[in-house]
Structures are given as C-alpha cells and as structure tokens.
Amino acid sequence: MSVIELKHVRKSFGTHEVISDVSFSVEPGEVVCIIGPSGSGKSTLLRCINGLETYQGGEIIVHGESVDATKSRIRGIRTRVSMVFQRFNLFPHRTALENVAEGPIYVKKEPRAEVYARSRELLARVGLGAKMDAYPAQLSGGQQQRVAIARALGMNPDAILFDEPTSALDPELVGEVLSVMRSLADEGMTMVVVTHEMGFAREVADRVLFLDGGVLVEQGSPDEVLGRPQNARTQDFLRRVL
Ligand code: ADP
Ligand code: MG
C-alpha cells in the first residue's frame, strides 16, 4: 500500500485554480522531491496532504484513509504525516526538549516520561544533545530546523513533508540540515521534500516531480528529470536554477 496517494487532485482559492489534476503516489521508504517555480502550488500541495487545506476535486489518501475536511479524521492524518516548515514554527516559550515532547504528550496522549526519554534521544540524533534546554531564540536557524525535524520524528509519523526546509537559512547552515535529512532518508523514512537544493534532489531523491502552474508537468528519476528533462517548461526552469 502507498503511504500517500493523490488522484486527480484539484484545489482552488476562490476562482483561482492552483492545483490542477495532480496524481502521484509515495511508496514506503521513498524520497520524493518536488521542484518548481515560486507560486507553482508546492506548499499548497503539501498542506492539502496533511489536511491544513481543503481541496475541491479528486482524492488524497494517506495510509489507506481519505483525507477530507472532517476534523477528527484530520487530527488522525496529522499524527501520521508530520510537516517541517521553511520557518521552523517552534513554540518560542518552550525549550527544544519541550518543543519535541509537546505533540506526543498533548496530541497523542502518550506517557510523559516515555515521551521525554524518546525526545532526548531524538535531539541527540539530530546533533542537539547539548542544546535540549535552550529556547529557540538561543539557537541558530540550522539548530532550530533540526529541533523541528526531531519534533516531526517524535510523532512517529508514516511520512514527513518538508516545505523548503533550508530556504530560510544562512548558506553556511544549510549543510547541517540537509545532512540530517539525508540520514533520515538512509534510514528508510518516507519523505516528500519541496526544495530548491538540486544537489540534494539529485543525490537523495528516488523520484523528482516538477510542478508548474499547479500542473505536474514531469516526474521521474533524478537522472531523468534533472539530467534529461523532456518538457520545455522543465528545461526552462532548470536552466534558470542550475
Ligand atoms: P509555492 O509553494 O510553489 O511557491 P504556493 O502553494 O504557496 O506556491 O501558492 C500557489 C498559488 O496559490 C499562488 O498563486 C498563491 O498566490 C496562491 N495562494 C497560496 N495560498 C493562498 C491563500 N491562502 N489564499 C489565496 N491564494 C493563495
Ligand atoms: Mg512554497
């Protein structure tokens, strides 16, 4: 069974259609990178997958369950698919450790002691064993994003969605975040990554999707899409970013 499946998904804001008939699936352990120009619908697509946005047509299925607007089910989807945002979105008045522990304790109602033990392990795994009691403002952007990744992992998700996780970082901090993501991929985490990091997509992605104007223009292996793009729009985009 696919972890995530989209069938002919359409999404509009008012009369403006921003996702047009998009279909693809993500298999267990797969890393799918989504590339495309600004405004092409990449963030909206991720937000539809984890129920942060409603959609008007087609169907999104996560782990066999249809993502629709009913609240109790959406809560279920969010505990299965975690999201890492461009701007970290950590709770500013909670320490790194508390940020990681919050979801499992309050959303999943897991026992506090177990959650804290696991959260400490996760922070150590992203290289922040020494920063557990720091507040977000005391951490660099790269460290904050690694806390956000530990927080996503803390929910024991079936998949993690990353929305341009390195675009808000100073260039020298990008590598530490990409290297954590690369190790998650190596460990078999199912990931959908919206990114402008073509090197990461080329090395880590199993599949690359090119989205333009809400249309899934081209998809294939990194070699196919980044190396030998067939569509003129993909070729044009890559000429501009590479
Ligand atoms: P990307 O992430 O690829 O840059 P987005 O998904 O953010 O693209 O946006 C896709 C399109 O949807 C854009 O035209 C954007 O202006 C529009 N859009 C995004 N969010 C909203 C919103 N909440 N209300 C109205 N239009 C939106
Ligand atoms: Mg975006």
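This note describes the largest pocket of a predicted model and the packing of three helices, H3, H4 and H5.

1. The pocket. The largest pocket holds about 570 Å³ of space. Its lining is made up of 19 residues. Those that lie nearest the centre of the pocket are Arg-78, Met-83, Val-107, Arg-151 and Met-155.

2. Origin of the lining. Four elements each supply at least two residues to the lining of the largest pocket: helix H2 (71–80), strand S6 (81–84), helix H3 (96–107) and helix H5 (141–154). The largest share comes from H3, which gives four residues.

3. Character of the lining. By class, 10 of the lining residues of the largest pocket are nonpolar, five are polar and four are charged.

4. H3 against H4. Two packed helices are described by the angle between their axes and the distance between the axes. For H3 and helix H4 (residues 112–125), the angle is about 135° and the axes are 9 Å apart. H3 is therefore oblique to H4. The crossing of these two helices, H3 and H4, is right-handed. On the H3 side, the contact is made by Ala-96, Leu-97, Glu-98, Val-100, Ala-101, Pro-104, Ile-105 and Tyr-106. On the H4 side, Arg-112, Val-115, Tyr-116, Arg-118, Ser-119, Arg-120, Leu-122 and Leu-123 take part. Sorted by class, the contact of H3 with H4 contains 11 nonpolar residues, one polar residue and four charged residues.

5. H3 against H5. The axes of H3 and H5 lie 8 Å apart, and the two helices pack at an angle of about 25°. Angles under 35 degrees count as roughly parallel, and H3 and H5 are therefore roughly parallel to each other. H3 passes H5 in a right-handed crossing. In this contact, Ala-96, Asn-99, Val-100 and Pro-104 of H3 meet Val-147, Ala-150, Arg-151 and Gly-154 of H5. Five residues of the contact of H3 with H5 are nonpolar, two are polar and one is charged. Arg-151 of H5 thus has two roles to note: it belongs to the contact with H3, and it is among the residues nearest the centre of the largest pocket.

6. H4 against H5. H4 and H5 cross at roughly 140°, and their axes come within 9 Å. These two helices, H4 and H5, are therefore oblique to each other. H4 passes H5 in a right-handed crossing. From H4, the contact draws on Arg-118, Leu-122, Leu-123 and Arg-125; from H5, it draws on Val-147, Ala-150, Leu-153 and Gly-154. The contact of H4 with H5 has five nonpolar residues, one polar residue and two charged residues.

7. Shared residues. Some residues take part in two of these contacts. Val-147, Ala-150 and Gly-154 of H5 meet H3 and also belong to the contact with H4. Ala-96, Val-100 and Pro-104 of H3 are in the contact with H4 and in that with H5. Arg-118, Leu-122 and Leu-123 of H4 contribute to the contact with H3 and to the contact with H5.

Definitions and conventions
Residues are numbered from 1 along each chain as its sequence is written. Chains are lettered from A and ligands numbered from 1 in the order in which they are written. This is a predicted model: local features need pLDDT of at least 70, side-chain atom pairs count only at pLDDT 80 or more; totals for chains, interfaces and linings use all residues. Side-chain values use heavy atoms; hydrogens and water are left out. On a 1 Å grid over the protein atoms alone, a cavity is a set of points where a 1.4 Å probe fits but cannot get out, and a pocket is an open set with protein on both sides within 12 Å along at least five of seven lines; lining residues have an atom within 4 Å of a point. Grid points are joined across faces, edges and corners, and a volume is the space filled by probe spheres set on the points. Ala, Val, Leu, Ile, Met, Phe, Trp, Tyr, Cys and Pro count as nonpolar, Asp, Glu, Lys and Arg as charged, and the others, Gly among them, as polar. Axes are lines fitted to C-alpha atoms, for helices over the stretch in contact, and angles run from 0 to 180 degrees between N-to-C directions. Angles under 35 degrees count as roughly parallel, over 145 as roughly antiparallel, 65 to 115 as roughly perpendicular and the rest as oblique. A crossing is left-handed if the near helix is turned anticlockwise from the far one by less than a right angle, and right-handed if clockwise. Contact means heavy atoms within 4.5 Å.
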